[in-house]
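Here's a walk through this fold, starting in the sheet and ending in the helices. Keep the 3D view open and follow along.

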Amino acid sequence: MKRLLTGLALCGLAGLPGPAAWANPAGGEVAASVDAFHAVLLDAMQTQGFAQRAALLEPAVTAFFDLEAVARISLGASWRSLAEERRSAFVDLMRRLITATYADRFDSYSGQSFVRAETVTASTGPVVKTLLNRSNDEPVNLDYYFRGGKAFNVVADGVSDLSLRRADYAGIIRAAGHDGLVADIEASIAELWH
């Protein structure tokens, strides 16, 4: 359970909506995109091999998440000091980290299911509230925060993906600078790939 929450807090592809659906933040369409993302996660749980799961998940992660917003919010004030090339590289790093984290955490299937509870409105946009039901443990509340039709934050049982990441990254940047943070994330990705 702790591994799942940590992974989420760090934070059937043919069924994914097309580009027009991802761009429209209407509640029904973001809810449908969550359902499609969950379908890919269920496929990943039933896929053997980390590389195979990562290959399945990467396009879904890219389509589902606003990776630029994730990168920008994760870095906080230090984002503004980065040149465009370094920003782009960090967005790509976030894509690789999120993909590897999901591929690692959603690695086996034992009857799990996702249930979409409701879509509510927050100051940033729609929030799709869901449950991950597990046969041998308590369900996990997963809330997806959307802006502009893409998810930028996942809150697992009240733990915000972006809040944890931003706090962790700020400490690493203070101690080792941006290059140190990149090296730390690269090491985390390499470890997930075992």
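Start where A122 stands opposite G125 in β2. This is a predicted model, and that pair belongs to the pairing of strand β1 (residues 113–122) with β2, which is antiparallel and runs over nine bridges. The two strands make a hairpin, with two residues between them.

Carry on along the chain and you get another hairpin: β2 and β3, again with two residues between them. Strand β2 covers residues 125–134 and strand β3 covers residues 137–147, and their antiparallel pairing comes to seven bridges. Two cross-strand partners are handy for finding the register. K129 stands opposite D143 in β3, and L132 stands opposite V140 in β3.

Then comes the hairpin of β3 and β4, with two residues between the strands; G148 sits in that turn and has a positive phi of about 65°. Strand β4 takes in residues 150–156, runs antiparallel to β3 and is joined to it by six bridges. R147 has K150 in β4 as its bridge partner.

Here are the three hairpin pairings side by side:

| Strand pair | Sense | Bridges |
|---|---|---|
| β1 and β2 | antiparallel | nine |
| β2 and β3 | antiparallel | seven |
| β3 and β4 | antiparallel | six |

Put together, the strands give an open sheet of five, in the order β1-β2-β3-β4-β5, with antiparallel pairing. At the edges stand β1 and β5 (159–160); each has a single partner strand, so one side of each is left without a neighbour in the sheet.

Two residues around the sheet deserve a closer look. What does the side chain of R134 have 2.5 Å from one of its polar atoms? That would be the backbone oxygen of E138. R134 itself is found in strand β2. Is R134 buried or exposed? With a relative accessible area of 16%, R134 is buried, because the cut-off for that is under 20%.

The other one is D157, in the loop between β4 and β5. D157 has a positive phi of about 50° although it is not a glycine. Its relative accessible area is 33%, which makes D157 partly exposed.

Now zoom out for a moment. The protein chain comes to seven helices and five strands. Along the sequence, the pattern reads α-α-α-α-α-α-β-β-β-β-β-α. Of the 194 residues, 44% count as buried.

On to the helices, and to α5 in particular. How many of the nine residues of α5 are buried? Seven are, so α5 is largely enclosed by the rest of the structure. The buried residues are L67, A69, V70, A71, I73, S74 and L75. What covers them includes helices and strands alike: α4 (50–64), α6 (84–105), β3, β4 and α7. Just after α5, G76 takes a positive phi of about 65°.

Take the contact of α5 with α6 to begin with. Their axes come within 9 Å and cross at roughly 100°. Since 65 to 115 degrees counts as roughly perpendicular, that is how α5 and α6 sit to each other. On the α5 side the contact uses L67, E68, V70, A71, S74 and L75, and these meet F90, V91, M94, R95 and I98 in α6. The residues of this contact divide into eight nonpolar, one polar and two charged.

Then there is α7. The axes of helix α5 (residues 67–75) and helix α7 (residues 161–192) come within 7 Å, crossing at roughly 70°. These two helices are therefore roughly perpendicular to each other as well. V70, I73, S74 and L75 in α5 meet a set of α7 residues: L162, R165, R166, Y169, I173, H178 and L181. By type, the residues of the contact of α5 with α7 are seven nonpolar, two polar and two charged.

If you lay the two α5 contact lists over each other, V70, S74 and L75 turn up in the contact with α6 and in the contact with α7. V70, S74 and L75 are also among the buried residues of α5.

Definitions and conventions. Residues numbered from 1 in each chain as written. Predicted model: local features only at pLDDT ≥ 70, side-chain atom pairs only at ≥ 80, totals over all residues. Heavy atoms only, no water. Axes fitted to C-alpha atoms, helices over the stretch in contact; angles between N-to-C directions. Helix = DSSP H or I, 4+ residues; strand = E, 2+ residues; numbered from the N terminus. Parallel < 35°, antiparallel > 145°, perpendicular 65-115°, else oblique. Contact = heavy atoms within 4.5 Å. Nonpolar A, V, L, I, M, F, W, Y, C, P; charged D, E, K, R; others polar. Pairing = 2+ DSSP bridges. Buried < 20%, exposed > 50% of the residue type's maximum accessible area, 1.4 Å probe, protein only. Polar contact = N/O pair within 3.5 Å; in protein donor to acceptor, adjacent residues only side chain to side chain.
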